Amino acid sequence: AHDGFLSNAAVKLLFPAEAQKAEKSLRALGLNKACDDFILSLNRAAELAVIEAKPIFISAIKQMNLEDASSILLCKEPDAATKYFQQITSGNLRSAFRPIIETALSKKDVPRHWTELSTRYNQIPLVTKVNTDISSYATQKAMEGLFYEIAKEELKMRQNSDLRNSPLLKKVFGYADNQKKGTITIN
């Protein structure tokens, strides 16, 4: 979604941790717009990449076996499904996200912004030079943001039966709830 990353403080992409000192220094030098443009570009690239996640998750669900599904549903960890999908889909997500992010960053002029910012910062005396792979960073952060949101939704669905709004979800979670209570219901 537009501003899906930018407006959500929990997943918003910022300067890489090793470059946050650089951001402060650059802002102190009056380069606020360049810093803001850089952050905006990172977040727009992540938003574009996340669109590609749906078919990867559908494929992972189709490959899931009954044992996987049962262990996820009966697990007491509130993010068991999220962890499962993270393990199964991360490689494919990274492969799908990275080229989209690289293209989006190029269209939004991020390499130019990053080169400008890092070059200016690296000219400051006595600073540790900054050299990060911005595409790799944005790809990883986009994936982290996606799984953060999935974990939140999983927790809501586990805690609130009203959110289980399809017959399949009702049946699956009903089975899991009965198993946890030790009741066996055959439908």
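**Glu23, two helices and some aromatic rings**

Okay, let's start with one residue: apart from neighbours within four places in sequence, Glu23 touches Phe15, Cys35 and Ile39, where contact means heavy atoms within 4.5 Å. Quick background: this is a predicted model, so local features need pLDDT of at least 70 and side-chain atom pairs count only at pLDDT 80 or more, while totals for chains, interfaces and linings use all residues. Residues are numbered from 1 along each chain as its sequence is written, and side-chain values use heavy atoms, with hydrogens and water left out.

So where does Glu23 sit? You'll find Glu23 in helix α1, residues 20-28. Helices here are DSSP runs (H or I, at least four residues), numbered from the N terminus. Is Glu23 buried or exposed? Glu23 counts as buried because its relative accessibility is 15%, and buried means under 20% relative accessible area, using a 1.4 Å probe and protein chains only.

Now the helix partner. Helix α1 packs with helix α2 (residues 32-50) at an angle of about 140°, and the axes are 8 Å apart. Those axes are lines fitted to C-alpha atoms over the stretch in contact, and angles run from 0 to 180 degrees between N-to-C directions. That angle makes α1 oblique to α2; the cut-offs are under 35 degrees for roughly parallel, over 145 for roughly antiparallel, 65 to 115 for roughly perpendicular, and oblique for the rest. Who meets whom? From α1 we have Glu23, Leu26 and Arg27, and from α2 we have Asn32, Cys35, Asp36 and Ile39.

Back to Phe15, and on to rings. How many aromatic pairs are there? The count is 6, and rings of Phe, Tyr and Trp (its six-membered ring) pair if their centres lie within 6.5 Å, with planes under 30 degrees apart called stacked, over 60 edge-to-face and the rest tilted. Phe15 and Trp114 have ring centres 6.1 Å apart and planes at 55°, so that pair is tilted. This pair links distant parts of the chain: Phe15 lies in the segment before α1, Trp114 lies in helix α6 (residues 110-122), and they are 99 residues apart. Phe15 is buried, at 1% relative accessible area, and Trp114 is buried too, at 9%.

Another pair is Tyr84 with Phe85: centres 5.4 Å apart, planes at 75°, so edge-to-face. Tyr84 counts as buried at 14% relative accessibility, and so does Phe85 at 12%. Last one: Tyr84 and Phe85 join Phe57 and Phe147 in one aromatic cluster.

Note on methods: Helix = DSSP H or I, 4+ residues; strand = E, 2+ residues; numbered from the N terminus. Buried < 20%, exposed > 50% of the residue type's maximum accessible area, 1.4 Å probe, protein only.
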